[in-house]
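Let's walk through this fold together, from one residue out to the sheet and back into the packing. Have the model open beside you as you read.

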Amino acid sequence: MRRTKVIVIRFGKVGDLLVSYPAMLTIHRRMPDVEITLCVDKNYRQAGQVFSGIVSRVINLDLQNLVPASLAKLPVLSEDYGLLIDLQAETKSCELSKLIKARRK
């Protein structure tokens with residue numbers, strides 16, 4: 001059986017990522033069989049290590065150079081997710097959320 005994939009978007013600085021740790025831990029505990037992907041700003045890629053054991057993979061995006069035209073070329077868009085969670089709710093994360101294929105958002 002194929003595992004359900006969940007994608008979580010959390011841009012921001014290191015503190016923003018750390019504050020989201022309880023939410024990520026709750027997702028992991030309530031849905032232990034899902035594969036969690038975390039999208040973060042490339043400048044804070046090391047912060048993804050905080051989520052080791054909780055997330056399956058971390059995707060680092062270059063937010064400084066991310067424009068709507070480049071969003072469509074992201075590899076993450078070719079995947080199908082069961083659930084998308086946007087913990088950021090800002091312009092760039094909302095634009096990305098619209099493009100990601102997920103059954104529930």
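Which residues does I100 touch, not counting residues up to four places away in sequence? The list runs I7, I9, L77, Y81, L84 and K105, where contact means heavy atoms within 4.5 Å. Before going further, a word on ground rules: this is a predicted model, local features need pLDDT of at least 70, side-chain atom pairs count only at pLDDT 80 or more, and totals for chains, interfaces and linings use all residues. Residues are numbered from 1 along each chain as its sequence is written, and side-chain values use heavy atoms, with hydrogens and water left out.

Now for the sheet. It is an open one of five strands, in the order β3-β2-β1-β4-β5, with parallel pairing. At the edges stand β3 (57-61) and β5 (101-104), each with a single partner strand, so one side of each is left without a neighbour in the sheet. On average, neighbouring strands here are turned by 40° against each other, direction ignored. As for terms, strands (E, at least two residues) and helices (H or I, at least four) are DSSP runs numbered from the N terminus, and two strands pair if DSSP finds at least two bridges between them. Angles run from 0 to 180 degrees between N-to-C directions, with axes being lines fitted to C-alpha atoms, for helices over the stretch in contact.

Start with β1, residues 5-9. It pairs with β2 in the parallel sense over five bridges, and K5 has E35 as its bridge partner in β2. With β4 (residues 80-86), β1 pairs over four bridges, again in the parallel sense; there, V6 has L83 as its bridge partner. In a regular strand the side chains alternate between the two faces of the sheet. In β1, K5, I7 and I9 point one way and V6 and V8 the other way, and all are buried. Buried means under 20% relative accessible area, exposed over 50%, and partly exposed in between (1.4 Å probe, protein chains only).

A lysine among those buried residues deserves a look. K5 counts as buried because its relative accessibility is 14%. Beyond residues up to four places away in sequence, K5 touches E35, E79, D80, Y81, G82 and L83. One strand over, T37 sits in β2 and is buried too, at a relative accessible area of 1%. Leaving aside neighbours within four places in sequence, T37 is in contact with V6, I7, V8, R57, I59 and Y81.

Y81 takes us to the other side of the sheet order, where its bridge partner in β5 is A102. β4 and β5 pair in the parallel sense over three bridges. To get from β4 to β5, the chain passes through α4, and this β-α-β crossover is right-handed; that is, with the strands pointing away from the viewer, the path from the first strand over the helix to the second runs clockwise. On the way, in the loop between β4 and α4, you meet A89. Its phi is near 55°, a positive value in a residue other than glycine, and A89 counts as exposed because its relative accessibility is 57%. Most residues other than glycine have a negative phi.

Next, the helices. α4 (residues 91-99) lies across β1, β3, β4 and β5, running at about 160° to β4. α2 (residues 21-30) lies across β1, β2 (35-41) and β4, at about 165° to β2.

That brings us back to I100 and the packing. The largest nonpolar core has 14 residues, of which L61, L96 and I100 touch the most other members. Such a core is a set of buried Ala, Val, Leu, Ile, Met, Phe, Trp, Tyr and Cys residues joined through side-chain atoms within 4.5 Å. β1, β3 and β4 each supply at least two residues of this core. There is also a second, separate core of 13 residues, including L17, M24, F51 and V55.

Finally, the cysteines. The structure holds zero disulfides, a disulfide being a pair of cysteine sulfur atoms within 2.5 Å. For C39, the nearest cysteine sulfur, that of C94, is 13 Å away. C39 is buried, with a relative accessible area of 0%, while C94 counts as partly exposed at 33% relative accessibility.
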